[in-house]
Amino acid sequence: MIQPPPNCSLCPLASQGRLAPVAGVGPRTAKVMIVGEAPGATEDRLGIPLIGPAGKLLDELLQKVGLNRRDCYITNIVKCRPPANRPPEQLEVAACTGHYLSSELEGVAVRVIVAVGATATRYLLPAATFSKTHGLPHKDGGRVILPVYHPAAALHNQQLRSIVERDWAMIP
């Protein structure tokens, strides 16, 4: 269990009853980092990012591009679950990214960062608009940032399935 940093006291999500934030998982030597938005119900309950129904589809998408979840570092922009799965607010993103995500980005030797959804894209590519950049790789120093649709989008709207698959196919 990771200890909440002092800036968690600035975040309204810290008082939502979670014993500890949902930490990122995976090898520090991973070449691919997957950055989601925030934990959902299953992730919050089990303390593991991007599992549950969307996580199962994530596993399929990774398999299609020749990757295994165990070889990726998986995390979220915000480490605690927002009420009713709403998108994280700016204060929540600022409190979390200042400690957790910045240290994860520095501590994992990735070549590709997969920004899953609009919130992750806004943080990792502040000048980008998700609707115009998803599926398009962006160079950032020695890394590539790839904005993609969240697997949950395909679960909620079957018409997005082919777009989700096309976005994720860009990882290699």
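Where does valine 25 lie relative to strand S1 (32-36)? Valine 25 sits in the segment before that strand, and the first close-up starts there. A quick reminder before zooming in: this is a predicted model.

**View 1. Val25, Leu46 and Ile48 make a nonpolar patch on the surface.** The patch covers about 220 Å². Its member from the segment before strand S1 is valine 25, which counts as partly exposed because its relative accessibility is 32%.

**View 2. The protein chain, seen through its confidence values.** The mean pLDDT comes out at 88, with 92% of the residues at 70 or more. Go element by element and strand S3 (residues 112-116) takes the highest mean, 97. Helix H3 (residues 90-107) sits at the other end with the lowest mean, 83. As a rule of thumb, predicted coordinates should not be read in detail where pLDDT is low.

**View 3. Leucine 50 has a positive phi without being a glycine.** The angle is about 55°. Look for leucine 50 in the loop that runs between helix H1 (41-46) and helix H2 (52-64). Is leucine 50 buried or exposed? Its relative accessibility is just 5%, so leucine 50 counts as buried.

**View 4. Asparagine 85 is another non-glycine residue with a positive phi.** Here, too, phi is about 55°. This one belongs to the loop between strand S2 (72-76) and H3. Asparagine 85 has a relative accessibility of 43% and therefore counts as partly exposed.

**View 5. Aspartate 59 and arginine 69 pair up in a salt bridge.** Searching the whole structure turns up seven salt bridges, and in this one N and O are 2.7 Å apart. Aspartate 59 belongs to helix H2 and arginine 69 to the loop between H2 and S2, so the contact ties together parts 10 residues apart in sequence. Aspartate 59 is partly exposed, at 31% relative accessibility.

**View 6. Glutamate 60 reaches arginine 161 through a salt bridge.** The closest N and O atoms are 3.5 Å apart. How many residues apart in sequence are the parts that this pair ties together? The answer is 101, because glutamate 60 lies in helix H2 while arginine 161 lies in helix H7 (residues 161-168). Both ends are partly exposed: glutamate 60 has a relative accessible area of 40%, and arginine 161 has 24%.

**View 7. Glutamate 104 and lysine 79 form a salt bridge.** The closest N and O atoms of this pair are 2.9 Å apart. Glutamate 104 comes from helix H3 and lysine 79 from the loop between S2 and H3, so the bridge ties together parts that are 25 residues apart in sequence. What about burial? Buried means under 20% relative accessible area. Glutamate 104, at 5%, is therefore buried, and lysine 79, at 1%, is buried as well.

**View 8. Glu60, Lys64, Arg161 and Glu165 belong to one network.** Salt bridges that share partners do the joining here. Glutamate 60 and arginine 161 are the pair already met in View 6, with their closest N and O atoms 3.5 Å apart.

How values were computed. Residues numbered from 1 in each chain as written. Predicted model: local features only at pLDDT ≥ 70, side-chain atom pairs only at ≥ 80, totals over all residues. Heavy atoms only, no water. pLDDT = per-residue confidence, 0-100. Helix = DSSP H or I, 4+ residues; strand = E, 2+ residues; numbered from the N terminus. Patch = residues over 30% accessible without salt bridge, like charges linked within 9 Å, V, L, I, M, F, W, Y side chains within 5 Å. Areas by Shrake-Rupley, 256 points an atom, 1.4 Å probe, with all protein chains shown as cover. Salt bridge = Lys/Arg side-chain N within 4 Å of Asp/Glu carboxyl O. Buried < 20%, exposed > 50% of the residue type's maximum accessible area, 1.4 Å probe, protein only.
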